[in-house]
2 protein chains.
Amino acid sequence: MNAVLTAIGDELLSGVRLEKNANFMAWHLHNKGIEVKAIEVISDYEDEIINLLSRWIGKTDLLILSGGLGPTHDDKTRYAIAKYLGCELYSDSMYDKILSRVKDNPDRLARLEKSRSTQAMIPVKAQPVYNPTGSALGIKFTKDNTQVIALPGVPMEYEAMTRQELPEIFAQDNKHVWASIIILGLPEMTIAERIPEVINNHALHVSILPAFPQVELIIRGKPDDVDEAEKLTRSRFDDVLPKGCKSLAEAVLYEAKINHAKISCSESCTGGLVGAALTEIAGSSEVFNGSAVTYSNNAKHKILGVDGNIIANFGAVSKECAVSMAEGALRIYDSDYAVSITGIAGPDGGTESKPVGTVYFGLASREKACAFMKVLPGNRSEIRTRAVRFALAELWRTLHNKNLEPKL
Amino acid sequence: MNAVLTAIGDELLSGVRLEKNANFMAWHLHNKGIEVKAIEVISDYEDEIINLLSRWIGKTDLLILSGGLGPTHDDKTRYAIAKYLGCELYSDSMYDKILSRVKDNPDRLARLEKSRSTQAMIPVKAQPVYNPTGSALGIKFTKDNTQVIALPGVPMEYEAMTRQELPEIFAQDNKHVWASIIILGLPEMTIAERIPEVINNHALHVSILPAFPQVELIIRGKPDDVDEAEKLTRSRFDDVLPKGCKSLAEAVLYEAKINHAKISCSESCTGGLVGAALTEIAGSSEVFNGSAVTYSNNAKHKILGVDGNIIANFGAVSKECAVSMAEGALRIYDSDYAVSITGIAGPDGGTESKPVGTVYFGLASREKACAFMKVLPGNRSEIRTRAVRFALAELWRTLHNKNLEPKL
């Protein structure tokens, strides 16, 4: 079985909005062994949509359209489908079910009633798709063995409606599984060369995703094959995150939980990104006490207790400051392990001895503290993202080895 | 002039990686009035790439390919181009320039030398494109009036190489401009209805991007037209972010700067996202002192000084706690204005009276403090993102009006 995922919208082609629905859907389809042949983004001209339908119907098992179903003048999907099918549109009573959800809100009710003439319209040769979170009805039909589903582009609505219409794609089964293995500190090529049996196994689908200092392997296939490949891979590397951990943040939280350790951070140039990464994961409150974002020198001193002499003598971006920040985060949050970050994310603020990208990391346990330094490439946003990964990677190693020895 | 943007890679079609290069490029092309006809993602089979080239060459002015130029077995772009052009490949000496950058690092030098047989190969009927940040050479050629550029998929390399090869797209000119106008607290339809002259002006390209409580209008066109449309739009709304501010975070920083006010935050369920949003912007250190991420109740008490009785009597997710957290953030960071966030991001932790999505926000100035509450829809990640927007929106209104009156 295969599928084609498409998105319709000028805002996608003009770069004002990033298309994410196809990525979401591709991941779930691929997990069920369904090949995505293509992802296409086209403009919201009726002719382009009709052309897209003509090109793919009869040539793929599943065709999902995203976008162009709203109430504004540039929402053309429902009219294009009707023209393609050679039929009229009718107003479907399923729209009343959507209105009934806002019956206690006269303003919203009036607004939705006004959109009935667009959002409730369904081609007579197609069927409506209920929208559980938004107001535009979707459209579905089957032609020439292609199942076509047109859904709103709003991600929350797209996700809810695909889950509702394609429950078998989202259900667990015992035929398809996937594993994520995250290895630290080695380049992509070295990793691939060390596990040729996995890379060259045609029963598996292996993706290698480098994001230094980590490389993620995603292995998909039948349960026994994936299981064996995962065991073999794990046996060949030292710094590999625990089974089931799909991110550094998950591994940090996992390791803290099994060690009954509380963790905390202090952040300067990352501005809260480490705390945000850890708290993205539900249940993080069990072990994560918090992060002190101390952007100003005064805050570093007053909140974390960094000695004014350290900042005066070594600067806020220094090994000494990183150590003191980590110790401060440990103390004020009363935690067992802490990581700190202070660096120059740019574009300004770099010097010859400390260029943009220079980031110091501190690590503290109740016994000792240390620091390490990296010069990270990229723009401000990339430097910050990379700094978060290094901080979490070394915090994980610290928790895992119960010892502070930065290595990456 | 028009363009087609394509990406090649199984990891994109299998959903393990989100394609972002086309979005980056589409934004810049569109700013220069160049229409993007389509964005396509295809798999890394040679035949698919040849098919793509055949379909678009001669039908678009510019065709950019992204991905498939690396050293691994699934990198097929250079071989597909050679086959399409009906020619052999040769090893281009431009690769030596790349090697010379790592001449002091024997490990990397050896690794790159090993990849010469793939990454330096160029079809004889095409030219190499220098890669200033990575190691794979790009490929360019012109055929049937279509300029074709094939670049690595790594975003940092793709960006650097498009800037190098298409400098006219990235240069400022006096023919094309764009404006971003962010309006708070009104639905998309109401905004569109209030500025029909702008929406219906065919000399302009208007995108409406709702992300409640904000709606962003992006207006592109000739300088005079955009200028007039922006003035008219701004005159029709009250809660509109200052000219030039392309995000809530920028507006908060702008307003703090002109008021010579220092700002800070305290965050529970957003875990650092507000601090991260503010510090994403270079120069934020001028006014932003920091954010105390206090995830545990103990940290709220110990670091922010939230009275234990408040947490015991009203809970950590309460108006009283939000007020106290904002006052605490103001005090410990010695700032003029502070915002706090405490809520239930889910998926667990909801109750009948405080369901998942319940978020309390506190605002504090040196004179007073207040709080407001929202029940935000979506999953954990969406609730957190929305909470950040509400916090920044009301912090901006507070700074702008020099008064604490949550309204959204």
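Is strand 11 of chain B largely enclosed by the rest of the structure or left exposed? Seven of its eight residues, out of the run 214–221, are buried, so strand 11 of chain B is largely enclosed by the rest of the structure. Keep in mind throughout that this is a predicted model.

**Figure 1. Strand 11 of chain B and its two partners.** Here we zoom in on strand 11 of chain B, which pairs with strand 9 (residues 177–184) of chain B through eight bridges, antiparallel. To find your way along that pairing, look for B:Ile182, which sits opposite B:Glu216 of strand 11. Strand 10 (residues 205–211) of chain B is also antiparallel to strand 11 of chain B, with seven bridges between them. Strands 10 and 11 of chain B form a hairpin, and two residues make the link. B:Ala211 in this pairing faces B:Gln214 of strand 11.

**Figure 2. One sheet built from both chains.** This view takes in an open sheet of 10 strands with mixed pairing. Reading across, the order is 16(A)-15(A)-14(A)-12(A)-13(A)-13(B)-12(B)-14(B)-15(B)-16(B). Why does strand 16 (369–375) of chain A have one side without a neighbour in the sheet? It stands at an edge with a single partner strand, as does strand 16 (369–375) of chain B, so one side of each is left without a neighbour. On average, neighbouring strands of this sheet are turned by 15° against each other, ignoring direction.

**Figure 3. The chain A edge of the sheet.** Moving in on the end of the sheet, we see strand 15 (residues 358–365) of chain A running antiparallel to strand 16 of chain A, joined by seven bridges. A handy landmark is A:Gly362, which has A:Ala371 of strand 16 opposite.

**Figure 4. A helix lying across strands of both chains.** Helix 15 (residues 297–304) of chain B lies across strand 13 (288–294) of chain A, and also across strand 12 (263–267) and strand 13 (288–294) of chain B. Relative to strand 13 of chain B, the helix runs at about 140°.

**Figure 5. Where the two chains meet.** The contact draws on 60 residues from chain A and 60 residues from chain B. On the chain A side, strand 13 of chain A gives the largest share, at seven residues. That side of chain A splits into 29 nonpolar, 20 polar and 11 charged residues. What fraction of the interface residues of chain A are also interface residues in chain B? The answer is 100%, so the copies meet through the same surface. Laying chain A on chain B takes a turn of 180° and a shift of 0.0 Å along the axis, with an RMSD of 0.1 Å. The two copies are thus related as by a two-fold rotation axis.

**Figure 6. A strand pair across the chains.** Strand 2 (residues 35–42) of chain A pairs with strand 2 (residues 35–42) of chain B, antiparallel and over five bridges. Look for A:Val41 here: its bridge partner in strand 2 of chain B is B:Ile39.

**Figure 7. Chain A and its domains.** Stepping back to chain A, the domain assignment gives domain 1 (2–170), domain 2 (177–235) and domain 3 (248–401). The C-alpha centres of domains 1 and 2 of chain A are 36 Å apart. The chain holds 18 helices and 16 strands, and its C-alpha trace spans about 75 × 55 × 40 Å along the principal axes. Of the 408 residues in chain A, 50% are buried.

Key: Residues are numbered from 1 along each chain as its sequence is written. Chains are lettered from A and ligands numbered from 1 in the order in which they are written. This is a predicted model: local features need pLDDT of at least 70, side-chain atom pairs count only at pLDDT 80 or more; totals for chains, interfaces and linings use all residues. Two strands pair if DSSP finds at least two bridges between them. Helices (H or I, at least four residues) and strands (E, at least two) are DSSP runs, numbered from the N terminus. Axes are lines fitted to C-alpha atoms, for helices over the stretch in contact, and angles run from 0 to 180 degrees between N-to-C directions. Two residues are in contact if their C-beta atoms, placed from the backbone, lie within 7 Å. Copies are superposed by least squares on the C-alpha atoms of residues with pLDDT of at least 70 in both. Ala, Val, Leu, Ile, Met, Phe, Trp, Tyr, Cys and Pro count as nonpolar, Asp, Glu, Lys and Arg as charged, and the others, Gly among them, as polar. A residue is buried if 20 or more other C-beta atoms lie within 10 Å of its own, exposed if 12 or fewer, and partly exposed in between; C-beta atoms are placed from the backbone. Domain bounds come from an automatic or database domain assignment.
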